[in-house]
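Visitor: Hi, I'm new to this one. Could you walk me through it?

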Amino acid sequence: MSESNASATRITPGNALRPEDIAASGVKPTGAVGEYALRLGDDALILAQRLGWWISRAPELEEDVALGNIALDQIGHARSFLTYAGHAWDKTEDDLAYFRGEDEFRSAHLVEQPNGDFARTIARQLVISQYQYDLYSRLVNSADATLAAIAAKAVKEVDYHRDHARQWVLRLALGTDESRRRMIEGILLTWPYVGELFEDDELVTSLDGVAVKPSSLRASFDAEIEALFSEAELEVPDVPASVGGGRQGRHSEHLGYILAEMQVLAREHPGATW
Amino acid sequence: MVSGSQTGDDGSKAPSAEQPDHPTAEPWPLWEVFVRSSRGLSHVHAGSLHAPDAEMAVRNARDLYTRRNEGVSLWVVPASAIIASDPDAKGQFFESPQGKDYRHATYYTKSEGVKHL
């Protein structure tokens, strides 16, 4: 790391794996591993873009910072996964983030869902953080050393995201009539997008020992949510599942708008630095 | 500010579907945050924050005051639980030691024959 990038306020940077280390390593994944890393990275990237909207809009300044921190953690995970994925096709993380079209993104529909009110965002956070926590907990044992290393760093951060969401679910559900009404509505709006996260397909099946099979994470997810909901006096809603298709590049109407905002600067001024 | 001109010049914004409105809630209570750094022996006051309860206060403190590896332990205390000295009582509280040099070790001359002091 060059000294000019060093933060004056940093006390110790720690020794966790950074995207720059992955870029420098030059380890080239197979196309299939790259595709898998792309899915993980795109989930994190689109979620981060969504969460960033809350900065200056959360109910309190402290929550601006909390959601902003979570978004930045997700950006960090996205950078690592996309840097690694990019090596499969000689592309950089920026090529992948800024110069792919909607149908080339592999994120699940859940992360592109609107923020709605704070309760709806918390419902989405609850689902994605539990899923990512279980996923990264298992990915640390991947036969692919880079994926395992990214997961080892990410799992600690996602553990905190999960705690943040759970704390808020309890408070909103057991708070006032209004907060409870909003929490229940947020869960109802979020639940159709849960199923897609746990679908297996040819790619993950072919990467036995490298990828974590999404279907294998479902039991833990259900048990954790059920225990939390029983404490929060909530019910798991019985709602029809959305069509899905995000892993194949089929997205809802929301992703295009997200990408337009996220990519406009990089596309207007290709190669710009600041 | 096209949308502003549509709603008049009073600066008010039309409510949008995505903009969460603030309910008429009481503000969150204030908490004082103390951080112990990895090499520090004691917790040191770092600042304050708002949080709905103690558990969330510790979490908010983590987000606000330990972003750069500053700490290994956090305390939060309700600001209302801290009893402070009265700034107007500065005279009676803090000026009395002035002139009382004999309260400092340097006031005393070393006795003859004492080698290691």
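Visitor: What order do the strands of the open sheet in chain B have?

Guide: The order is E2-E1-E3, three strands with antiparallel pairing. Strands count as paired if DSSP finds at least two bridges between them. Helices (H or I, at least four residues) and strands (E, at least two) are DSSP runs, numbered from the N terminus.

Visitor: Anything I should know about the model itself?

Guide: It's a predicted model: local features need pLDDT of at least 70, side-chain atom pairs count only at pLDDT 80 or more, and totals for chains, interfaces and linings use all residues. Residues are numbered from 1 along each chain as its sequence is written, with chains lettered from A and ligands numbered from 1 in the order in which they are written.

Visitor: Back to the sheet. Which are the edge strands?

Guide: Strand E2 (44-50) and strand E3 (73-78) of chain B, each pairing on one side only.

Visitor: And how many bridges join E1(B) to E3(B)?

Guide: Six, with E1 covering residues 30-36 of chain B. In that pair, Arg36(B) stands opposite Ser73(B). E1(B) and E2(B) are also linked by six bridges, and there Trp31(B) faces Leu49(B).

Visitor: Which side chains of E1(B) are buried?

Guide: Trp31(B), Val33(B) and Val35(B), which point to one face. Leu30(B), Glu32(B), Phe34(B) and Arg36(B) point to the other face and are not buried. Buried means that 20 or more other C-beta atoms, placed from the backbone, lie within 10 Å of the residue's own.

Visitor: What lies across the strands?

Guide: Helix H2 (residues 54-65) of chain B lies across E1, E2 and E3 of that chain, at about 125° to E3(B). Such angles run from 0 to 180 degrees between N-to-C directions, with axes fitted to C-alpha atoms, for helices over the stretch in contact. Contact requires C-beta atoms, placed from the backbone, within 7 Å.

Visitor: New topic: how many residues are in the largest nonpolar core?

Guide: It has 66, and Ala37(A), Phe81(A), Ile122(A) and Val169(A) have the most contacts inside it. A nonpolar core is a set of buried Ala, Val, Leu, Ile, Met, Phe, Trp, Tyr and Cys residues joined through C-beta atoms within 7 Å.

Visitor: Which helix gives the most to this core?

Guide: H6(A), with 12 residues.

Visitor: And what does Phe81(A) touch?

Guide: Leaving out residues up to four places away in sequence, Phe81(A) touches Ala37(A), Leu40(A), Gly41(A), Ala44(A) and Ile150(A). Apart from that core lies another, of 10 residues, including Trp31(B) and Leu49(B).

Notes:
Two residues are in contact if their C-beta atoms, placed from the backbone, lie within 7 Å. A residue is buried if 20 or more other C-beta atoms lie within 10 Å of its own, exposed if 12 or fewer, and partly exposed in between; C-beta atoms are placed from the backbone.
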